[in-house]
Amino acid sequence: MPRASKGRTRRLLLWCAATDRSFEPAVQAGRSVLCGKCIHCGARHVLEEDGTPRTRATVEHIVPRHHGGRDDLDNLAIACARCNFGKGHRLDARRWDDPTLQRVIATLQARRRERMRPPLPGLDLPPPPDADASDDE
Ligand SMILES: [Zn+2]
């Protein structure tokens with residue numbers, strides 16, 4: 001994976017955590033981290049303050065990218081690599097009007113909305129992801 005895109009993932013993860021009320025600041029091994037939950041299964045995830053994941057956290061696109069889902073904060077959430085991959089595999093390839101796909105998207109959107117908060121103060125946040133969504137591959 002090229003460096004720039006890795007930095008981008010870190011930035012998206014950090015923004016997701018900053019705006020997700022399941023993520024709270026904590027100290028782990030003497031370092032400030034953010035601890036929160038997978039949008040699918042609720043498993044615990046830990047990010048460093050620059051967004052580097054200490055767990056297998058990935059950026060979930062609630063509306064899949066190939067169905068036009070954007071890098072907007074309300075379309076992004078943190079998910080286990082396994083949960084994200086599972087959804088991608090089972091669901092994202094379905095037609096847009098597939099009822100199962102629609103149900104999962106609606107559930108995740110509601111959950112993300114419930115967890116949405118203004119960015120956590122005290123973080124050194126980079127520019128928000130949607131400011132330059134055009135640099136996405
Ligand atoms: Zn999960």
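In strand 3, Gly36 finds its bridge partner in His45. This pairing is a handy way into a predicted model, in which local features need pLDDT of at least 70, side-chain atom pairs count only at pLDDT 80 or more, and totals for chains, interfaces and linings use all residues. Residues are numbered from 1 along each chain as its sequence is written. Helices (H or I, at least four residues) and strands (E, at least two) are DSSP runs, numbered from the N terminus, and two strands pair if DSSP finds at least two bridges between them.

The bridge between Gly36 and His45 belongs to a wider contact: strand 2 (residues 31-37) and strand 3 are antiparallel and share 5 bridges. Strand 2 is also joined to strand 1 by 5 bridges, again in the antiparallel sense, and here Glu24 stands opposite Cys35. Together these pairings give an open sheet of 3 strands in the order 1-2-3. Strand 1 (24-28) and strand 3 (44-48) are its edges; each has a single partner strand, so one side of each is left without a neighbour in the sheet. From one strand to the next the twist averages 40° (axes are lines fitted to C-alpha atoms, for helices over the stretch in contact, and angles run from 0 to 180 degrees between N-to-C directions). In general, strands of a sheet pair through backbone hydrogen bonds, either parallel or antiparallel.

Strand 1 deserves a second look. A residue counts as buried if 20 or more other C-beta atoms, placed from the backbone, lie within 10 Å of its own, as exposed if 12 or fewer do, and as partly exposed in between. Of the 5 residues of strand 1, the number buried is 0, so this strand lies largely in the open. Strand 1 and strand 2 form a hairpin with 2 residues between them. Ala29, in the loop between these strands, has a positive phi of about 50° although it is not a glycine. Ala29 is exposed, with 6 other C-beta atoms within 10 Å.

Stepping back, the chain holds 3 helices and 5 strands, following the pattern α-β-β-β-β-β-α-α along the sequence. Its C-alpha trace spans about 45 × 30 × 25 Å along the principal axes. A compact globule of 137 residues would have a radius of gyration near 14 Å, and the chain agrees with its 14 Å (taken over C-alpha atoms; the globule rule is 2.2 Å times the number of residues to the power 0.38). Buried residues make up 31% of the 137 residues.
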